[in-house]
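Me: I would like a close look at one part of this structure. Please start with a single residue and work outward from there.

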Amino acid sequence: MYEDKRGPMNLRLRAAVASILAASLVGTYANATDATPPAKKPAAKRAAKPKGPTVEEQIQQLRQEMQGQIDSLKNSLADKDAQLKQAQQAAADAQAAAARAQQSADAQAAAATQNASAVNTLQSTVTDLKANQVSIASTISDETAAIKKTINSPTTLHYKGVTITPGGYTAGETVWRQHGTGGDIPTAFNALAYEHADAYKLSEFYGTARQSRVSLMVEGKVDWGTLRGYYEADWLGTGITSNNNQSNSYVLRQRVIWGQAELNNHWAFTGGQLWSLATEDKKAISNLSGDIMTPQTIDPNYVTGFVWERQYGFRVTKTWNKYAVGAAVENPQLLYTASLAGNTPYAVLGSAGANGGNFNAAISTVAATTYIQNYTNVPGATSPSYIPVYNTVTANSNIANYSFNYAPDVILKVAIDPGFGHYEIIGIGRFAHETVYPGVTTDALKYGGQKDIVTGAAVTAAATSAGSFTNTLAMGGGGASFRIPIGKMISVGAKGIYGPGLGRYGDSTLSDLTGNSWGGLSPLHNGSGLATLEMNPNPRLALYFNYGIDYAGRNDWSNPASTTLGGPTATFCPTGFTSPSQCTSKPSAALLAAGGTWGGHWGTPSAAAVGYGSRLLNNSSCNTFGNPGFSGGSTDYYPAGSCGANTRYVSEITGGWWYDFYRGEHGRFRQGFQYGYAVRNGWSGAPATAGGPGIAGKGINNMFWTSLRYYLP
């Protein structure tokens, strides 16, 4: 804002005018009052000058001039005032214009900011659109490729509301063993030949495609979870007429077949033929064959020490992020091996499959044993002589024994996956029952009711089922496992179980029960353990090394009261004899002429082996080669029996590789090799000579496998 300065300027103007006027008056007055100058010489007469203006005229003139100046100053002041007003107005206008310009600048700046933001937004939108276009194009391309792949090479088939996933592989495989087993590509570890067996002298080679496998997974999604069904089979089954003569026609074998309902909260309910809950998983608890931590061996019987079953089971599992729990009831079966003394009561715990049922009712061998039960006089003979009285006992060996099971096996399991490795803890409970017949023994069946000619007493009571009773027992144990990665290429693991009655859960299927001296069941203490090292140097190559062992403890029930009767000796006792010493097996002619009676006389019963791994068991055949058998004059396929020593343990160290020549969307083509060194060691029995070491059986086998497989993609 400009200040109004016209008042001060008028005051100064008036003061200036007054000063000028005063100065003019003073000057005029001075001129009028000056002293008369000195007299001058008379000068030449000049022309008279015009008479000047008077003082009043001068003052008047001055006033006019001053007035003119004042007016001029007023006019100038007015002009200045007008200019000032114009300047003030211009300044105000300029200030207003500046304000408007500032507002416009602010508006333009805001607009510019908005424009910049809009430009950035637009650029970002354009960038996003470009990215979206690329992503959409990529997605469309991927989806198109996926659709084409699904149409041209689907991984699953769609049928109504479910997906169907086929799987499996074809296999061409061979095995060579240093010592014969007669068992094709799977190794029957508990039947490895001991030294001095005929099979131990010869090697064997087999080629087969029987381990080829087919599988089918069916899966359906529902609101509350997932329904699954799975089937898997191979051709390692054996029909009654299967052979290698020409067509090599072996039968399809059920491996696993089950159904499952899994809820969205990961509770799962599964039933069917499964891998046992006791078998190690790769992660959590699973039913799928690909999720089971099976050894990578070519041998379908894997490796000693591996804990497994494939059997009926119903299980309930719950899975969380880092651990899972499960409980199962599974199909039981008792594996029984026992040496019995002649006076050990018989028991029944199972049978062969029943005719008309669905179990195998075939009998592999029928052995009829005829023996002398007693002696008697020759009827109507004129001279005293004797003839033997024969008896025949028929022993049957079943192809398959089926125990009468008291209850299913019960298995509990906890699996832990903390982020470094996989860990499991298991518990197994088992149950058994039998009927014991105290009145039925081998001695009673052979000699029951016969009288000793010397003593006149019955040798043993006749066999009777009276007094039979049922015996029931529980058994079981536990185990644990771990699997730990070392870097990205190596993993190590171990698993073991131990407890009474767990033989069938070990790979060698050693016995888990024997008989005691009164005929009751007696569990064996079993153990199985397996250590594993696996390496993957590159994506194509897998290397593995395993060492495992299956063990069955000695359970020797032999005692002085466990005895076996020997056969009778033909003995002649004179008529009316009064002392056993009068009877003789070699009567004189005079004694015979005097008359008497022939009969059987039994000596003192001998101590006998009872139980499993008895120290009284006769293992003498473990040190000698037996004589081969015959049938119709042929001996070629009837080797002598092997040493009968009960198995103490079977161990194996094995290793091999798998190499993938191709692995992709067209499947997998791979080659494998395996070497195994197996040892079967039996419990020592009776010594060859009194005081010497007990005789035990032992057998070693070096084995090689090869495999060439094509897997479905």
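Reply: Start with R253 in strand 6, which covers residues 251-263. Keep in mind that this is a predicted model. Is R253 buried, exposed or partly exposed? R253 counts as partly exposed, because its relative accessibility is 26% and that class lies between the cut-offs of 20% and 50%.

Now look at what surrounds R253. Leaving aside residues up to four places away in sequence, R253 touches E232, A233, D234, L236, G237 and R310. Another arginine, R213, sits 40 residues away from R253 in sequence. In space, the C-alpha atoms of R253 and R213 are 9.7 Å apart.

Follow the contact with R310. Strand 8 spans residues 310-319, and R310 is one of them. Strand 8 has partners on record here. With strand 7 (residues 267-275), strand 8 pairs in the antiparallel sense over nine bridges. One place to check is G271, which stands opposite F314 in strand 8. Strand 8 also runs antiparallel to strand 9 (residues 323-330), and seven bridges join them. There, K318 has V325 in strand 9 as its bridge partner. How many residues does the hairpin between strand 8 and strand 9 use? Three residues make the connection. As you trace these strands, remember a simple rule: in a regular strand, side chains alternate between the two faces of the sheet.

Next, take the loop between strand 7 and strand 8. Two acidic residues there reach far along the chain. E280 forms a salt bridge with R483, and their closest N and O atoms are 3.2 Å apart. E280 lies in that loop, while R483 belongs to strand 17 (residues 469-486), 203 residues away. E280 and R483 are buried.

The other acidic residue is D281. D281 forms a salt bridge with K413, with the closest N and O atoms 2.7 Å apart. K413 lies in strand 15 (residues 409-416) and D281 in the loop, so the pair ties together parts that are 132 residues apart in sequence. Are these two partners buried or exposed? K413 counts as buried because its relative accessibility is 2%, and the cut-off for buried is under 20%. D281 also has a relative accessible area of 2%, so D281 is buried too. The background idea is short: side chains of opposite charge can pair when their charged atoms come close.

A search of the whole structure finds 20 salt bridges. Among them is D660 with R668, at 3.8 Å from N to O. Both D660 and R668 are buried. Some salt bridges share partners, and these join E309, D409, R430, R504 and D512 into one network.

Turn from charge to nonpolar packing. In soluble globular proteins, nonpolar side chains tend to be buried together. Here, the largest nonpolar core has 18 residues. I185 and W705 have the most contacts inside this core. Strand 22 (541-552), strand 29 and strand 31 each supply at least two of its residues. Which strand gives the largest share? Strand 22 does, with three residues. A second, separate core has 14 residues, including V307, A324, A328 and I428. A324 and A328 fall within strand 9, residues 323-330, which takes you back to the hairpin with strand 8.

Nonpolar residues also show on the surface. W657, Y659, F661, Y662, F669, L708, Y710 and L712 make a nonpolar surface patch of about 710 Å². Strand 29 (647-664) and strand 31 (698-711) each supply at least two residues of the patch. Strand 29 gives the largest share, four residues. Y710 sits in strand 31. Y710 is partly exposed, because its relative accessible area is 32%.

Finally, step back to the whole chain. The chain has four helices and 31 strands. Of its 713 residues, 35% are buried. Among contacts with a separation of 6 or more, 70% come from residues 24 or more positions apart. The accessible surface comes to about 39400 Å², and carbon and sulfur atoms hold 58% of this area.

Notes
Residues are numbered from 1 along each chain as its sequence is written. This is a predicted model: local features need pLDDT of at least 70, side-chain atom pairs count only at pLDDT 80 or more; totals for chains, interfaces and linings use all residues. Side-chain values use heavy atoms; hydrogens and water are left out. Patches are made of residues with over 30% relative accessible area and no salt bridge: like charges are joined within 9 Å, nonpolar side chains (Val, Leu, Ile, Met, Phe, Trp, Tyr) within 5 Å. Accessible areas come from the Shrake-Rupley method with a 1.4 Å probe; for residues, only the protein chains shown count as cover. A salt bridge is a side-chain nitrogen of Lys or Arg within 4 Å of a carboxyl oxygen of Asp or Glu. Buried means under 20% relative accessible area, exposed over 50%, partly exposed in between (1.4 Å probe, protein chains only). Contact means heavy atoms within 4.5 Å. Two strands pair if DSSP finds at least two bridges between them. A nonpolar core is a set of buried Ala, Val, Leu, Ile, Met, Phe, Trp, Tyr and Cys residues joined through side-chain atoms within 4.5 Å.
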